[in-house]
Amino acid sequence: MLWKMSNSLVLKIIASSINISKQAGVIVRDVMKTGDLAVVDKGINDLQTEADRRAQNCIITSLSKQFPKISIIGEETLDPNDKIEDHWMVTTYDESVFKHKCPEEWLNVTDEDIVVWVDPLDGTSEYTQGLLDHVTVLIGLSVKGRAIGGIIHQPFYNYENETDYSKLGRTIWGLVGLGAFGFTHKQPPVGKVIVTTTRSHSSATINAAIDAIKPDEVLRVGGAGHKVLLVIEGKAHAYVFPSRGCKKWDTCAPEGVLQSLGGRLTDVFGADLLYDKDVNHTNELGVLATHDALTAHPFFLSKFTDDVKASLLSQQQRV
Ligand code: AMP
Ligand code: MG
Ligand code: MG
């Protein structure tokens, strides 16, 4: 019962969110098992399934019960009459979190400082297509408008080797000042350049930006969470997405984890993304995430041409 002794709101939110993300992962797997995804079109190239809805209900219900005074913003607009199953309510904490000391800078954080950004299922297109390792559950923690930590739960991790659904999945979490846990941090190979980008939301501008980098390899995969996992596990140097479309709930948890390991996530102009509760949900000026804030990040930023930047600015003005 270490949680009872902890005086850190930040650690409590993380420890609670870890267990909630695992339950959301169970829901995401269960819906896949039924085979009835009940897909709804939210817009062009923007899907929602029964798993997105149920997982968000689980996460928001559980988090708001435990932390009634913090702000929580989820991707999905839900029907208030949706039935909430009893087992979706998670009130436990991952006790391993409390073995760590809360970094000094987060000790005095209050409820009002916090916005939690929830993507109940990142990589929905890939989920509907059976590319299950692209799917993640994202719970991101922001304090005073900056991403400081997060949980990336990968519900189908190891699905190609393990047929027992109940044994699948892994949970990665991180906090700036503490580091990240639940996986092995690796640096990408020296002497070559590997970038990862979208597979289902591509555009001429994205392709032009990638050509300008002249990478040795391009990994076109789904999900913002999954792409940042590739970066922190040393499979890619950068996640390059010079396009609008990616939202704050896609980037908050990945940014928190990446930053805790010395990486960086910004827009294409190198500006920090903001996560206050009144902020525009869309990352209008694109996303660049790299494994290393000091050298890789400026390197990739310098590869965005004026044409790429102008294209983002013109789209911003049109919307
Ligand atoms: P992707 O890399 O295409 O899997 O996108 C990462 C995240 O951003 C996913 O949650 C997508 O749904 C979202 N996203 C990216 N581009 C768009 C778009 N054009 N329309 C809607 N969502 C998008
Ligand atoms: Mg998403
Ligand atoms: Mg989603």
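Here is a friendly conversation about a predicted model, in which a trainee asks for the reasons behind each label.

Trainee: Let's start with the record. Which residues does UniProt list under "binding site"?

Mentor: The unreviewed UniProt entry lists Glu75, Asp119, Leu121, Asp122 and Asp250. Although these residues are spread over 176 residues of sequence, the largest C-alpha distance among them is 9.7 Å, so they cluster in space. The lining of the largest pocket takes in Glu75, Asp119, Leu121, Asp122 and Asp250 from this set.

Trainee: Why is aspartate 119 called buried or exposed?

Mentor: Aspartate 119 has a relative accessibility of 1%. Buried means under 20%, so aspartate 119 counts as buried. Its place is in strand E4, residues 114–122.

Trainee: And what is aspartate 119 in contact with, leaving aside its neighbours within four places in sequence?

Mentor: Aspartate 119 is in contact with Glu75, Thr136, Val137, Leu138, Trp249 and Asp250. Two of these names, Glu75 and Asp250, are also in the UniProt list.

Trainee: Aspartate 122 is found in strand E4 as well. Why does it count as buried or exposed?

Mentor: The relative accessible area of aspartate 122 is 6%. With the limit for buried set at under 20%, aspartate 122 is therefore buried. Leaving aside neighbours within four places in sequence, its contacts include His134, Gly223, Ala224, His226 and Asp250.

Trainee: How do you know that the side chain of aspartate 122 has a polar atom close enough to alanine 224 for a polar contact?

Mentor: The backbone nitrogen of alanine 224 lies 2.7 Å from a polar atom of that side chain. A polar contact needs N or O atoms within 3.5 Å, and 2.7 Å falls within that limit.

Trainee: Threonine 136 came up among the contacts of aspartate 119. What makes threonine 136 buried or exposed?

Mentor: Its relative accessible area is 0%. That is under 20%, so threonine 136 is buried. Threonine 136 is found in strand E5, and its contacts beyond four places in sequence include Asp119, Leu121, Asp122, His153 and Leu229.

Trainee: Now to the largest pocket. How much space lies in it?

Mentor: About 610 Å³ of space lies in the largest pocket. Of the 33 residues that line the pocket, the closest to its centre are Asn45, Asp46, His201, Gly245 and Asp250. Among the elements that give two or more residues to this lining are strand E1 (40–43), E4, helix H6 (224–232) and helix H7 (248–260).

Trainee: How is the lining of the largest pocket divided by class?

Mentor: By class, the lining has nine nonpolar, 14 polar and ten charged residues.

Trainee: How many cavities of 30 Å³ or more does a search of the whole structure find?

Mentor: The search finds one, and the largest cavity has a volume of about 30 Å³. Ile13, Ile14, Ser17, Val116, Ile139, Gly140, Leu141, Gly150 and Ile151 line it. Helix H2 (9–34), strand E5 (136–143) and strand E6 (146–154) are the elements that give two or more residues to that lining.

Trainee: What makes the lining of the largest cavity six nonpolar and three polar?

Mentor: Val, Leu and Ile count as nonpolar, while Ser and Gly count as polar, so Ser17, Gly140 and Gly150 fall in the polar class. The lining has no charged residues.

Trainee: Let's compare some single residues. Why is leucine 175 called buried or exposed?

Mentor: Leucine 175 has a relative accessible area of 0%, and buried means under 20%, so leucine 175 is buried. Its place is in strand E7, residues 170–175. Its contacts beyond four places in sequence include Val10, Ile14, Trp106, Ile148 and Ser260. The C-alpha atoms of leucine 175 and alanine 253 are 78 residues apart along the chain and separated by 9.7 Å.

Trainee: And why is methionine 1 called buried or exposed?

Mentor: Methionine 1 has 65% relative accessibility, and exposed means over 50%, so methionine 1 counts as exposed. Methionine 1 is found in the segment before helix H1 (2–5).

Trainee: What makes alanine 38 partly exposed?

Mentor: Its relative accessible area is 34%. Buried is under 20% and exposed is over 50%, with partly exposed in between, so alanine 38 is partly exposed. Alanine 38 lies in the loop between H2 and E1, and has a positive phi of about 45° although it is not a glycine.

Technical notes
Residues numbered from 1 in each chain as written. Chains lettered and ligands numbered in written order. Predicted model: local features only at pLDDT ≥ 70, side-chain atom pairs only at ≥ 80, totals over all residues. Heavy atoms only, no water. 1 Å grid on protein atoms, 1.4 Å probe; cavity = no way out; pocket = protein on both sides within 12 Å on 5 of 7 lines; lining within 4 Å. Helix = DSSP H or I, 4+ residues; strand = E, 2+ residues; numbered from the N terminus. Buried < 20%, exposed > 50% of the residue type's maximum accessible area, 1.4 Å probe, protein only. Contact = heavy atoms within 4.5 Å. Polar contact = N/O pair within 3.5 Å; in protein donor to acceptor, adjacent residues only side chain to side chain. Points joined across faces, edges and corners; volume = space filled by probe spheres on them.
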